[in-house]
Amino acid sequence: MGKSNKLIIQVCLCGAGTKKSQAPTVPYTPEEISDQIVSCAKLGASIAHIHVREDKEVNGQMEIGYKSMSLQKFSETVELTREKCAKEGLDIIINLTTSGGEYEDHKRLQHLGALKPEMCSFDPNPLNWANSYIFENSPRMLNKLSQEVIKHDIKPEFEVFDTGHIDSAMYYVNKWGIPGNPHIQFVLGVGGSMQGTTENLAFLVNKLPAGATWSVTGIGKCHVPMMLAALALGCDGLRVGLEDNVMYGKDENGNNWELSAKSLFCSLILASHLQNRAHTAHDVDWNSIWCECDEDIYHLIGDFIKG
């Protein structure tokens, strides 16, 4: 992944935690996930960041759409995505998570060799996630992950939540000789890590290793500010989706204004278009985009253009 003027947009449709009670359009099943990936690919998305879910009994209670690292669910989702994209004449990079909420090493790695995605997430440090639980990323597991990405020719996406994570990512790059320029995905605004401010993002960008490409997402309320700051700083990519942000605000009745992955993606395409940059590696049918947008997006876009 070399530097270019193209803006690569990645969709992260469900993550491990977003519930339908928060966002009714969040996908749970392989069928739902693959359908949404195809919809976003039609609009020009270049990368699909995939988590999977399963119905599971947890503490004696059945949880619908619970976080999972099930090889079966990954296989079903990836196979459906590849099949549907091929049928539609679409091409999208598959980026599989290695951190879907289960922390046994083999569960986090088994799908890489089995499915051979183009990319996978690589979280180089542990984190007290939202000051509520430990996001485990042990040196033992990260050494194994480094070997897997080399063995299967998978591009690692180094997720950076704080300053020292860049140094940790480069430690594994240098130790194992992971080829190519590193790709850094800044994830800002998670409790217990760097907050999503323009100052913090600019500081991190100045710490990037030579030749690195980078993308950003902001969690929750800092999602759009981080998107716009990243565009101003010349980012290589943006990440968007219901994993990171489920709403833009409140309507006149005080209800959450939820955005589907498609609607949120439309606003991002327009923002990137206003920067006079190619937003993906694919041409986009603008008539299709306008047809897919709902009425709220028209107002959002109008407000954005007016400043």
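In the predicted model, helices α4 and α5 are oblique to each other, because angles that are neither under 35 degrees, over 145 nor 65 to 115 fall in that class. Helix α4 comprises residues 139-151 and helix α5 residues 164-176; the two pack at an angle of about 55°, and their axes lie 10 Å apart. The crossing of α4 and α5 is right-handed. On the α4 side, the contact is made by Pro139, Leu142, Asn143, Ser146, Gln147 and Ile150, which meet Tyr172, Lys175 and Trp176 of α5. Classified by residue type, this contact of α4 with α5 contains five nonpolar, three polar and one charged residues. In an α-helix there are 3.6 residues a turn, so residues three or four places apart point the same way.

Eight strands form a closed barrel in the order β1-β2-β5-β6-β9-β10-β11-β12, and their pairing is parallel. Direction ignored, neighbouring strands of this sheet are turned against each other by 25° on average. Within the barrel, strand β2 (residues 47-50) and strand β5 (residues 93-96) run parallel and are joined by four bridges. Ile47 is placed opposite Ile93 in β5.

Helices also lie across strands of the barrel. Helix α2, residues 71-88, lies across β2 and β5, and runs at about 170° to β5. Helix α7, residues 223-232, lies across β10 (183-188), β11 (213-218) and β12 (237-240), with an angle of about 155° to β11.

A further strand pair is antiparallel: β3 (residues 52-58) and β4 (residues 61-68) pair over six bridges. In this pair, Glu57 stands opposite Met62 in β4. The two strands β3 and β4 form a hairpin, with two residues between them. Asn59, located in the turn, has a positive phi of about 50°. In general, the strands of a sheet pair through backbone hydrogen bonds, in either the parallel or the antiparallel sense.

Helix α3 spans residues 105-115, and its buried residues are Asp105, Arg108, Leu109, His111, Leu112, Gly113 and Leu115. These buried residues of α3 pack against helices α2 and α4 and against strands β5, β6 (119-122) and β8 (133-135). Helix α2, which lies across β2 and β5, is thus among the packing partners of α3, as is helix α4, whose contact with α5 is described above. Just after α3, Lys116 adopts a positive phi of about 45°.

How values were computed: Residues numbered from 1 in each chain as written. Predicted model: local features only at pLDDT ≥ 70, side-chain atom pairs only at ≥ 80, totals over all residues. Heavy atoms only, no water. Axes fitted to C-alpha atoms, helices over the stretch in contact; angles between N-to-C directions. Left-handed = near helix turned anticlockwise from the far one by under 90°. Contact = heavy atoms within 4.5 Å. Nonpolar A, V, L, I, M, F, W, Y, C, P; charged D, E, K, R; others polar. Pairing = 2+ DSSP bridges. Buried < 20%, exposed > 50% of the residue type's maximum accessible area, 1.4 Å probe, protein only.
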